[in-house]
2 protein chains.
Amino acid sequence: MSHFPELISFIRNEINYSIKKLPIPDKPTYLYEPIKYALKGKGKRLRPILTHLVGRTYNTDPNSLMSISLAIELLHNFTLIHDDIMDKDTIRHSQKTIHYKWDTSTAILAGDGIYTVAQLVLNSIDRYNKEISKCFNEVTLDICEGQAMDKEFENLDIVTEDLYLEMIKKKTGSLIAAAAMLPSIYAKDEIDNIELFRTFGEYLGKGFQIHDDLLEITSDSKTMGKSLDSDIFEGKQTIMVIKAKQYFKESWESIVSNSKKSDLKKNIYVFLNEKKIIEETKHIAESYFKKSRKILKELNHINSDELFMFVDLLENRSF
Amino acid sequence: MSHFPELISFIRNEINYSIKKLPIPDKPTYLYEPIKYALKGKGKRLRPILTHLVGRTYNTDPNSLMSISLAIELLHNFTLIHDDIMDKDTIRHSQKTIHYKWDTSTAILAGDGIYTVAQLVLNSIDRYNKEISKCFNEVTLDICEGQAMDKEFENLDIVTEDLYLEMIKKKTGSLIAAAAMLPSIYAKDEIDNIELFRTFGEYLGKGFQIHDDLLEITSDSKTMGKSLDSDIFEGKQTIMVIKAKQYFKESWESIVSNSKKSDLKKNIYVFLNEKKIIEETKHIAESYFKKSRKILKELNHINSDELFMFVDLLENRSF
């Protein structure tokens, strides 16, 4: 049990090593230089780590497990590269985003390329089949739908909590679900377990995203490795923004429009804290972590000790 | 033989009908409205028609053949949507491009979504397997590489004809090759035939692209259904531009920089015609159509009559 942090470090190092060894050509530079650059970023590799932890419970062939986990990480990077263009984010994984360092065209193509490499890496596993490809691509479409909802929310004054939760289930939950489901599909486990892993991942993803929204308010950009303030200016909805607008519309709007840019984050934090919105939001995140643990208990014939520890890891993460 | 045009119309109508019947949801509107809009455009459906013609030689199951051909058409549309952003094109298939009608973010996501739908449509066939997925995704990466080379060329003064031919082989030839190869892979035909279909498609694609470059100079935007002049202003290299720069650098540059925007296309046409560059380029296109026919003759146990007629169709097309 006490060796869990070492296990996670070990898996992360193995993943980073395998990413470095991906046979990505040098030319054309326009396509591959930004792809290599993106993969050098300091991603936390949480999704492929989850894939490894689930795969370990099935004693999965290590090469195939690594390929599945890399496909998940590459898919994740594809969505980040394109989302960063849409959200005008300038920092990601502690380095400049591709569209900011190069330009929009370069970032569009790098995203397309990295997603295609993801498909090819997935294709390289033994026992590649229809179900594996179906899960992978359905999840990609879910992520696209989640991103579309997120973009729609930017132009809506009022978004309900239910709609927000539906959005993050698609945008964040579905990929975490796939990270957990794919080794189970690969192992040809019973459908009940596969579906439990889906639900587990969706709950965990919701907890993770809400926790992430909280960290954006309480951490600084350097620790998080991505640009933060941009979200509020682009009109991003989070549980906290939704609650603030719902219960304290006027005073919230006054803070957002009257704060100096340099004070905005601090003022928002003080406001959300005073109004107990941070506390309430923490409870919501907790409830989803709790739900994900409940699902783990329902899994048949699977030793889920490490998965419980993984949930703890996400819940306690501070960056 | 004389019924070939009717056959092509029939297949095109069937393809358009099947595109209309694709189970694309309504919501989120941000994602699916532009996708439906793109698929309503007046595409010529040449690539999926080729897939049908090859599939007919194998008596392929009609549902699977239709799905393979739709996946090819969807993949094609994905690349057009993203290329149009990068090339700032405003008209495609006789209607406004997505990034022009909506915005860049909408077009990025619509492209991502349509490509993912392509993967799912391909996945829906019976006997979906590793080889089919591999071919489909390798071709996508080729197209990305071709587009990257094309973007690199914009910043190069001198591009060799060889490099240009390599670029269009990837950007245009590879998808036409896949349109021909996939039914052959699906039919589990011998590897020789599959590879002959690849070479056939690459030659045909080169002929098609060079012919297309010629049409851009000799047709008007309305007939072509896409914006034309933009290419020269964005510094696009074509065989004709490469030859003009190679043999008549000064007079070419003088025409490009001294023509009024409204006269540019006409002046370029007159110049290229006078210098016999149009004639020479026509010969090059012809040579690739001829090479593609030569490959058809090498196919084993396949009735390629309709494929010869398809080559004629592409060679004689005037829009």
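Two residues are in contact if their C-beta atoms, placed from the backbone, lie within 7 Å. That rule sets the interface described below.

This is a predicted model, in which local features need pLDDT of at least 70 and side-chain atom pairs count only at pLDDT 80 or more, while totals for chains, interfaces and linings use all residues. Residues are numbered from 1 along each chain as its sequence is written, and chains are lettered from A, with ligands numbered from 1, in the order in which they are written.

Confidence comes next. Chain A has a mean pLDDT (the predictor's confidence in each residue, from 0 to 100) of 94. Of its residues, 94% reach 70 or more. For the complex, the predictor gives an ipTM of 0.96 and a pTM of 0.96.

Now the symmetry. A turn of 180° and a shift of 0.0 Å along the axis lay chain B on chain A with an RMSD of 0.0 Å. The two copies are thus related as by a two-fold rotation axis. Superposition is by least squares on the C-alpha atoms of residues with pLDDT of at least 70 in both copies. In chain B, N129(B) comes closest to the rotation axis, its C-alpha at 3.1 Å.

The copies meet through the same surface, because 100% of the interface residues of chain B are also interface residues in chain A. Each chain's share is stated: 31 residues from chain B and 31 residues from chain A. On the side of chain B that touches chain A, two or more residues each come from helix 2 (29-40), helix 4 (62-86), helix 6 (104-123) and helix 7 (130-154) of chain B. Helices here are DSSP runs (H or I, at least four residues), numbered from the N terminus. Helix 7 of chain B gives the most, with 14 residues.
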